[in-house]
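Reader: I would like to learn how to read side-chain contacts and empty spaces from a set of coordinates. Could we go through them slowly, with one case at a time?

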Amino acid sequence: MKWTKERRYRKMEDATKEELTNLKKIVNSSPWRQTFHIQPETGLLNDPNGFSYYNGEYHLFYQWFPLGPVHGLKYWYHTKSTNLVDWENVGIGIAPNDYFDSHGAYSGSAVKHNGKLYLLYTGNTRDEKWERHPYQCLAVMEQNRSITKLGPVISEVPKGYTDHFRDPKVWKEGDTFFAILGAQRTNETGCVVLYRSTNLLDWTFEGEVHTSLESFGYMWECPDYFELDSQGVLIFSPQGLMPEGDQYQNIYQSGYVIGEKMNVQQGNLKFSHGDFIELDRGFDFYAPQTMLDPSGRRILVGWMGLPEVEYPTDPYGWAHCLTLPRELSIRNGKLIQKPVKELELIRGEKTEIEALIQNECREFQGIKGETYELIAHFSRNTAEEFGIELRVGENEKTIIKYDSKIKKVIFDRSLSGEAVGEQYGTARKCSMESDDLTFRIFVDVSSVEIFINEGEEVFTGRIFPAKESKGIKFFAYNGAVQLKAQKWEITR
């Protein structure tokens with residue numbers, strides 16, 4: 001099917017019941033539907049939006065084009081959970097059916113106010129020349145989860161910026177609301193800007209946040225500012241970075257800078273910070289959003305996918321999923337990402353092994369699977385190379401290994417099954433000085449999330465192996481390593 005502009009901008013309401021039923025059948029025939037990740041019922045999922053805790057539940061929306069695995073007319077789709085693990089589909093949260101979001105309800109965020117949940121998002125519009133005009137719009141959700149649009153609250157783009165002006169992330173300090181937006185200057189460099197409000201309806205442009213990254217990509221998407229461990233953290237997704245060594249290997253990147261807290265109450269928009277660090281070293285991670293939960297945890301969810309990359313699920317009428325929720329902390333100037341503790345709720349049957357692996361690639365009886373959590377601790381290392389092979393089949397395997405000579409962790413999906421994004425390479429690497437390594441790995445039907453040394457580094461990637469590829473192997477070459485591993489089945 002050729003995805004013309006007309007097809008991409010059809011409303012879901014214009015599709016026939018028969019068309020939607022047939023699309024759902026095609027999606028359900030896909031061999032790569034996930035079991036414990038948020039995924040679309042049909043069509044394409046992208047950015048997580050409106051991540052929040054309200055009325056005793058976690059709420060998470062995502063960008064959604066329901067009619068196919070392409071970017072088109074975006075809706076907000078609503079899911080909710082009481083435990084960050086068991087997610088219930090609520091349905092469409094925001095539909096693009098007004099003049100101010102006629103070409104898509106784009107990304108945004110949520111904040112509680114006066115007993116209600118307010119959703120601040122970008123309404124995308126196009127004129128007859130297909131020129132973009134963004135509106136920053138407000139909607140409100142009641143306790144019964146009904147959502148009413150209130151319309152634009154920021155209707156113009158400030159002077160000095162292009163119409164690439166979107167993705168508001170809102171928070172409250174004292175009696176004042178602030179919103180940070182991704183922007184592009186008229187010289188086509190990326191940045192973020194700040195707005196202020198006392199009532200969520202009337203907003204004042206405060207100006208551009210001054211960082212040391214004056215020319216760092218051509219657009220900064222999905223910004224998120226928060227304070228953690230008495231420091232300021234700015235997360236954003238810069239587009240247009242060129243690869244540098246092991247860094248910036250994907251088509252677009254997501255990362256952060258940490259620095260002194262910004263004094264936004266006093267209008268001081270200077271942000272003194274350290275280097276930009278990628279959040280995830282893997283292949284498929286973009287547009288993350290965080291929230292502060294009632295216990296004080298800062299929790300992050302990202303889009304497990306990237307724009308402008310084709311995926312093997314496309315022929316089955318769907319694309320992408322969201323990452324597992326991750327709790328954030330700061331250690332030694334870096335964000336540490338750990339899977340939220342609630343994920344232990346989905347652990348099933350447990351298997352444990354302990355062995356010395358020496359100059360071999362070894363299987364253990366009963367250690368295999370398609371969906372599981374695996375914690376593998378490697379110690380007393382003398383090997384030049386050691387690691388794990390996952391989803392092993394006759395001609396397939398996904399490799400996570402440590403190269404002791406160059407002191408790097410390597411995630412290799414060159415043999416993981418159906419190819420994806422090969423033009424951007426099939427391996428990802430990051431430096432790691434420790435020879436004692438713990439890999440905590442979540443394997444779903446078509447994804448791998450790898451947390452190294454308690455979240456010091458994370459690799460996320462979609463993989464598309466055959467269903468029969470369920471083997472797990474541990475290896476060490478040119479030396480030995482002590483292995484201690486635990487594996488839990490995950491069945492949902």
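Author: Let us begin with a serine: a polar atom in the side chain of Ser-197 lies 2.8 Å from the backbone nitrogen of Leu-200, which is a polar contact, meaning a pair of N or O atoms within 3.5 Å where, within protein, one must be able to donate a hydrogen and the other to accept it, and where residues adjacent in sequence count only if both atoms are side-chain atoms. The side chain of Ser-197 also reaches the backbone oxygen of Asp-202, at 2.8 Å. Please keep in mind that this is a predicted model, in which local features need pLDDT of at least 70 and side-chain atom pairs count only at pLDDT 80 or more, while totals for chains, interfaces and linings use all residues. Residues are numbered from 1 along each chain as its sequence is written, and side-chain values use heavy atoms, with hydrogens and water left out.

Reader: Where is Ser-197 placed, and why does Ser-197 count as buried?

Author: Ser-197 belongs to strand E11 (residues 190-197), a strand being a DSSP run of at least two residues, numbered from the N terminus. Ser-197 counts as buried because its relative accessibility is 2%, the cut-off for buried being under 20% relative accessible area with a 1.4 Å probe and protein chains only.

Reader: Which residue is buried yet has no salt bridge?

Author: A salt bridge needs a side-chain nitrogen of Lys or Arg within 4 Å of a carboxyl oxygen of Asp or Glu. Glu-396 is buried without one, as the nearest side chain of opposite charge, that of Arg-391, is 6.4 Å away. Glu-396 sits in the loop between strand E25 (385-392) and strand E26 (397-403). Its side chain makes a polar contact of 2.6 Å with the side chain of Ser-469, and one of its side-chain polar atoms lies 2.9 Å from the backbone nitrogen of Ala-466.

Reader: How is empty space found, and how many cavities of 30 Å³ or more are there?

Author: Rolling a probe the size of a water molecule over the atoms shows where empty space is left. A cavity is a set of points, on a 1 Å grid over the protein atoms alone, where a 1.4 Å probe fits but cannot get out, and lining residues have an atom within 4 Å of a point. The whole structure holds six cavities of 30 Å³ or more, and the largest cavity contains about 90 Å³ of space. Its lining comprises 14 residues, with Gly-108, Cys-222, Pro-223, Pro-288 and Gln-289 nearest its centre.

Conventions:
Helices (H or I, at least four residues) and strands (E, at least two) are DSSP runs, numbered from the N terminus. Buried means under 20% relative accessible area, exposed over 50%, partly exposed in between (1.4 Å probe, protein chains only). Lys and Arg count as positive and Asp and Glu as negative; His and the chain ends are not counted. On a 1 Å grid over the protein atoms alone, a cavity is a set of points where a 1.4 Å probe fits but cannot get out, and a pocket is an open set with protein on both sides within 12 Å along at least five of seven lines; lining residues have an atom within 4 Å of a point. Grid points are joined across faces, edges and corners, and a volume is the space filled by probe spheres set on the points.
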